[in-house]
Structures are given as structure tokens and as C-alpha cells.
Amino acid sequence: MIIDVGNIKIGTDFIPIQTMIKNSTKDITLTIDKIRKLKDAGCDIIRITVPDEESVIALKSIIKESVMPIVADIHFDYKLAIKSIEAGVHKIRINPGNIGNEERVKEVIFALKDRGIPVRIGINGGSLPKHLKEKYKDEVQIMIEAAKEEINYFEKYGYDKIVLSFKSSNVQTTIEVNKKAKEIFPFPLHIGVTEAGDLIDGTIKNSIGISHLLLQGIGDTIRVSLTSSEFDEVMVGKRILESIGKRSPEIDIVSCPTCGRTEVDIQKIVFDFKNKILGKKFNKKLKVAIMGCVVNGPGEAEGANFGVACGKEQSVLFKDGKKIKVVKNSLILDELLILTKEYENE
Ligand code: SF4
């Protein structure tokens with residue numbers, strides 16, 4: 001089943017990357033600017049929280065200016081869901097279990113139907129229904145049963161533009177519940193390990209969980225949840241997809257781990273270079289090497305389009321396997337950017 005979220009499709013070979021805006025929705029200028037930069041960084045769909053009426057008003061302005069489809073994240077208040085749909089949002093994310101009685105859920109479903117807007121039903125390990133926890137012991141089973149109950153509402157009122165997500169902070173639970181969900185439900189799956197921790201822990205957990213599932217053909221869109229910026233979430237998501245061959249990298253940066261021979265701050269050069277080229281598009285798939293020494297660097301960087309092998313005060317730039325220039329170390333970053341420019345699509 002393929003679900004349209006604005007101009008992005010969920011349920012095809014292309015796996016859209018999502019993140020969620022972390023500042024207040026009411027800061028319209030910041031949000032619009034961030035959405036534009038996140039698109040450049042590789043994000044495909046953006047989620048925004050709508051916790052109150054003022055946020056609905058802000059949402060309207062954000063939708064007008066947004067360069068990618070917007071998902072409104074709603075909890076508890078069904079009226080905010082309906083108002084977000086009326087504001088022109090491209091998808092809503094709700095947990096029908098927390099928006100009250102069936103009558104309210106029905107009103108939301110009818111509003112979705114009116115506009116043909118899809119919904120993501122989010123089942124989170126941290127907020128499972130009490131009656132199911134009392135009935136079943138196994139967390140995976142509780143999550144699946146919770147989804148069945150929520151899908152029932154939508155089936156009853158004849159609406160199936162549904163994406164499902166089953167989130168847990170535990171990698172194994174995330175994998176197991178999504179495998180089960182793929183067997184049972186016909187709907188696309190939004191996958192990721194939630195509340196996964198900081199940049200390092202969260203990257204590891206999400207890389208394992210998401211890649212394990214995607215390599216088995218499970219999962220249709222991803223969000224890497226990190227206690228870090230939206231940009232880190234998108235960057236990690238993009239690298240996961242590139243690493244398992246689900247998305248072609250624009251640029252592959254090869255950098256050495258450094259050792260006792262290293263005389264320059266390679267970590268800083270790599271960090272600054274990555275930030276400077278963020279979002280740039282190239283006319284071919286590029287491999288750039290940033291190596292710590294002139295002894296082993298060029299050899300280890302074999303196959304790179306261009307790169308640098310750093311020395312104590314001066315460093316060697318190479319291109320297509322040949323040395324092209326010796327530059328002062330203070331100019332390494334500038335020189336790499338000049339070489340990058342040759343391959344850029346304006
Ligand atoms: Fe060490 Fe040079 Fe290899 Fe980097 S390229 S790890 S500095 S030997």
C-alpha cells in the first residue's frame with residue numbers, strides 16, 4: 001500500500017527520512033528557516049507538534065512557506081487534530097487511544113476523509129493501554145493488540161490511509177514488533193528506535209534497529225530519534241540509508257582514524273568540511289579522502305576523487321591519484337572546498 005504525504009510517497013523503494021521540529025511551533029520564522037535547511041540536509045517529511053490553538057495558527061503560516069510536507073503531531077485534543085487538518089497539514093500523527101471516546105475519533109476520521117489526508121497511528125512502548133497490559137504479559141503482543149484496537153476505529157468508518165509505527169527504546173523489541181506488524185498489517189511502517197539516547201547511543205541503537213529491519217524489507221519511512229539536533233537526526237538517517245544501499249551518497253568522505261604520525265587536527269578538518277558541504281549536490285558520486293599523514297595517506301585513500309594527506313606544516317593535495325599541490329595547513333579546508341566546487345551542481 002502506498003500513502004501520499006504531500007508530494008512524498010510512503011511505501012515505495014524510496015525510504016523518506018523524517019525528523020521533528022524541536023523548537024516551539026509558535027516560533028514561525030525559526031521553524032520555516034529550519035525546514036528549508038533540513039530539506040537541504042536530506043530530510044523529506046517534517047513533523048511539528050500542535051499542543052494548543054496558537055500552534056494551529058502558526059501551523060497555517062508554516063504550511064504556506066514549507067518546502068516539504070508537514071505532519072501535525074497531536075495528543076489528547078481531537079479538536080486540534082481537526083483544526084490542523086483544516087489548516088492544510090499533509091498528515092497527522094495521533095494515538096486514537098489518548099484522544100477520548102469513539103465519537104471524537106470518528107470526527108477526526110471524517111475530517112481526514114474529507115481531505116484525503118493520511119494518518120500515522122503511533123504505538124509507543126512507553127504509553128500502552130492499561131487494560132492490555134493487564135491482559136497480556138509480552139510487550140510485543142500488547143503493542144500489536146493496541147494497534148488492532150486503534151485500526152478498528154478506522155476500519156469501522158471506512159478509512160485506510162494509514163501508516164503505522166511501533167516504537168520502543170529497546171532495539172530488540174523494536175525489531176520484533178515491526179516484524180510481527182509486517183506479517184499482520186497491510187499498512188506502511190514508520191520505523192525507528194525511540195528515546196534512543198544521545199548522539200552516540202542513539203546512533204548505534206537506531207543504526208542496528210533500522211538497518212536490521214530495512215535489510216529484511218521491513219519499514220517504509222524512518223525517523224532517527226536522538227537527544228540531539230534535528231540536523232543530527234537527518235544526517236544519521238541519511239548515513240544509515242546510504243550505508244545499506246537504500247540511498248546513493250552525494251559524497252563519501254573517507255577519513256583516517258589518525259595515529260601517532262598525525263600532526264594536524266583531522267577531526268576538526270573533517271567536521272568543518274562536512275558542515276560546509278551540507279546539502280550540496282554534485283554532478284557525480286564523489287569520494288573525498290582526508291588523511292593524517294603523507295606516508296600512508298595517499299595509498300590508503302586509493303579510489304578517492306581528491307583529497308589531502310596532511311604533514312606537519314604543509315599538506316599534499318591529490319586528485320585522481322596524482323599529487324597536484326602542496327599547501328599550508330591553514331589552507332587545507334579552503335583548498336578542499338575549491339576542489340569540491342568543480343563537481344558542484346549550481
Ligand atoms: Fe596514521 Fe597516516 Fe594512517 Fe592516518 S593515514 S592512520 S596518520 S598512518
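Helix α2 has 13 residues and reaches 19 Å from its first C-alpha to its last, close to the 18 Å expected at 1.5 Å a residue. The model that contains this helix is predicted, and α2 makes a convenient way into it. Within α2, the buried residues are Ser55, Val56, Ala58, Leu59, Ile62 and Ile63. An α-helix has 3.6 residues a turn, so residues three or four places apart point the same way. The cover over the buried residues of α2 includes α1, β4, β5 and α3 (78–86).

Helix α1 (residues 28–41), one of those partners, can be described in like terms. Its 14 residues reach 20 Å from first C-alpha to last, close to the 20 Å expected at 1.5 Å a residue. Buried in α1 are Thr31, Ile32, Lys34, Ile35, Leu38 and Ala41; a lysine thus sits in the list alongside the isoleucines and the leucine. These residues pack against β3 (17–20), β4 (45–49), α2 (53–65), β5 (70–73) and α9 (230–243). Just after α1 comes glycine 42, with a positive phi of about 120 degrees.

Turning to the chain as a whole, the secondary structure comes to 12 helices and 15 strands. The C-alpha trace spans about 75 × 45 × 30 Å along its principal axes. Of the 346 residues, 52% count as buried. Among contacts between residues at least 6 apart in sequence, 63% join residues at least 24 apart. The chain exposes about 16300 Å², and carbon and sulfur atoms supply 49% of that area. As for charge, there are 52 positive and 49 negative side chains, and the centres of the two sets lie 2 Å apart.

In soluble globular proteins, nonpolar side chains tend to be buried together. Here the largest nonpolar core has 77 residues, of which Ile92, Val108 and Phe166 touch the most other members. Helix α6 (residues 139–156) contributes the largest share of this core, with 8 residues. Apart from this core lies another, of 23 residues, including Val264, Ile266, Ile290 and Leu333.

Two residues give a closer view of the packing. Valine 108, leaving aside its neighbours within four places in sequence, is in contact with Tyr78, Ala81, Ile82, Ile85, Ile92, Ile94 and Ile99. Ile92 therefore appears both among these contacts and, like Val108, among the residues that touch the most other core members; both counts rest on side chains that are buried and joined within 4.5 Å in the case of the core. Alanine 147 lies in helix α6 and counts as buried because its relative accessibility is 0%, where the cut-off is under 20%. Beyond its neighbours within four places in sequence, alanine 147 is in contact with Ile123, Phe166 and Phe185. The C-alpha atoms of alanine 147 and leucine 164, 17 residues apart along the chain, are separated by 8.0 Å.

Finally, two loop residues other than glycine deserve a look for their backbone angles. Phenylalanine 76, in the loop between β5 and α3, has a positive phi, near 70 degrees. Its relative accessible area is 60%, so phenylalanine 76 is exposed. Threonine 258, in the loop between β11 (251–255) and α10 (266–277), also has a positive phi near 70 degrees. At 38% relative accessibility, threonine 258 counts as partly exposed.

Methods:
Residues numbered from 1 in each chain as written. Predicted model: local features only at pLDDT ≥ 70, side-chain atom pairs only at ≥ 80, totals over all residues. Heavy atoms only, no water. Buried < 20%, exposed > 50% of the residue type's maximum accessible area, 1.4 Å probe, protein only. Helix = DSSP H or I, 4+ residues; strand = E, 2+ residues; numbered from the N terminus. Contact = heavy atoms within 4.5 Å. Areas by Shrake-Rupley, 256 points an atom, 1.4 Å probe, with all protein chains shown as cover. Lys, Arg positive; Asp, Glu negative; His and termini not counted. Charge placed at Lys NZ, Arg CZ, Asp CG, Glu CD. Expected span 1.5 Å × (residues − 1).
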